[in-house]
Amino acid sequence: CTDRCNRRSVEFTLDVNYEEEMEAAGVTQGDGEDAGGLADRTLPLTVTSQKLISNHEHVSPAHFMSVEENDVSHDEGVSIVKIGPGQALRLHAIARIGISKEHAKWCPVAV
């Protein structure tokens, strides 16, 4: 199997635009606080791991340690970046499985 085969890797994409996200949330310029608790379009938008899209149906980003943690959390996943008005983020990432015999970055810190 090569480094980027379907058995050893998965691709994630992310395409977020500040204006489109605010419009989808129903927030307009100068609205202040809306019913959903989102502030107006001058505040930054936190892009989280829930926006990552996998090319494999059985693989998704790990947002929380457990279902219980997800239920009690007020977060929407792991924060990636904050963007503001006029900004967008487009990302293509490849996650590859490995073992420490190949590279030290896959070696557990505590054994």
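**Notes on the predicted model**

1. Confidence first. By element, the confidence is lowest in H2, with a mean of 79, and highest in E1, at 93. This is a predicted model, and the protein averages a pLDDT of 80, with 83% of the residues scoring at least 70. A general caution for the rest: where pLDDT is low, the predicted coordinates should not be read in detail.

2. Overall layout. You'll find two helices and five strands here, and reading along the sequence gives the pattern β-α-β-β-α-β-β. Of the 111 residues, 20% count as buried. The accessible surface comes to about 8,400 Å², and 52% of that belongs to carbon and sulfur atoms. Take the contacts between residues at least 6 apart in sequence: 67% of them join residues at least 24 apart.

3. The sheet. Three strands make an open sheet in the order E3-E1-E5, with antiparallel pairing. E3 and E5 are the edge strands; each has a single partner strand, so one side of each has no neighbour in the sheet. E1 and E3 pair in the antiparallel sense over two bridges. If you want a spot to look at, phenylalanine 12 has serine 54 in E3 as its bridge partner.

4. The core. Which residues make up the largest nonpolar core? There are eight: Leu14, Val16, Tyr18, Met22, Val27, Leu45, Val47 and Ile83. E1, H1 and E2 are the elements that give two or more residues to this core. As general background, nonpolar side chains in soluble globular proteins tend to be buried together.

5. Leucine 14 up close. This core member is worth clicking on for its contacts. Setting aside neighbours within four places in sequence, leucine 14 is in contact with Val47, Lys51, Leu52, Ile80, Leu89, Arg90 and Leu91. Val47 from that list is also a member of the largest nonpolar core, while Lys51 and Arg90 come up again with the salt bridges, of which the structure holds two.

6. Salt bridge one: aspartate 15 and arginine 90. Their side chains meet at 3.6 Å, N to O. The pair links distant parts of the chain, with aspartate 15 in strand E1 (residues 9–17) and arginine 90 in strand E5 (residues 88–96), 75 residues apart. Are these two residues buried or exposed? Aspartate 15 is exposed, and so is arginine 90.

7. Salt bridge two: lysine 51 and glutamate 21. Here the side chains meet at 2.8 Å, N to O. This pair also links distant parts of the chain: lysine 51 is in the loop between strand E2 (45–48) and strand E3 (53–54), and glutamate 21 is in helix H1 (residues 18–24), 30 residues apart. Lysine 51 counts as partly exposed because its relative accessibility is 35%. Glutamate 21, at 22%, counts as partly exposed as well.

8. Threonine 48. This residue is found in strand E2. Why does threonine 48 count as buried? Its relative accessible area is 8%, and the cut-off for buried is under 20%. Not counting residues up to four places away in sequence, threonine 48 touches Glu76, Gly77, Val78, Ser79 and Ile80. The next two points take up Glu76 and Val78 from that list.

9. Glutamate 76. You'll find glutamate 76 in the loop between helix H2 (67–72) and strand E4 (79–83). At 53% relative accessibility, glutamate 76 counts as exposed. Beyond its neighbours within four places in sequence, glutamate 76 is in contact with Thr48 and Gln50. What separates the C-alpha atoms of glutamate 76 and glutamine 50? The distance is 6.6 Å, although the two residues are 26 apart along the chain.

10. Valine 78. Like glutamate 76, valine 78 lies in the loop between H2 and E4. Valine 78 is partly exposed, with a relative accessible area of 42%. Leaving out neighbours within four places in sequence, valine 78 is in contact with Val47, Thr48, Ser49, Ala62 and His63. For Ser49, the C-alpha atoms of valine 78 and serine 49 are separated by 5.2 Å, and the residues are 29 apart along the chain. Among these contacts, Val47 links back to the core in point 4, where Val47 is one of the eight residues.

Technical notes. Residues are numbered from 1 along each chain as its sequence is written. Side-chain values use heavy atoms; hydrogens and water are left out. A salt bridge is a side-chain nitrogen of Lys or Arg within 4 Å of a carboxyl oxygen of Asp or Glu. Helices (H or I, at least four residues) and strands (E, at least two) are DSSP runs, numbered from the N terminus. Buried means under 20% relative accessible area, exposed over 50%, partly exposed in between (1.4 Å probe, protein chains only). Contact means heavy atoms within 4.5 Å. A nonpolar core is a set of buried Ala, Val, Leu, Ile, Met, Phe, Trp, Tyr and Cys residues joined through side-chain atoms within 4.5 Å. Two strands pair if DSSP finds at least two bridges between them. Accessible areas come from the Shrake-Rupley method with a 1.4 Å probe; for residues, only the protein chains shown count as cover. pLDDT is the predictor's confidence in each residue, from 0 to 100.
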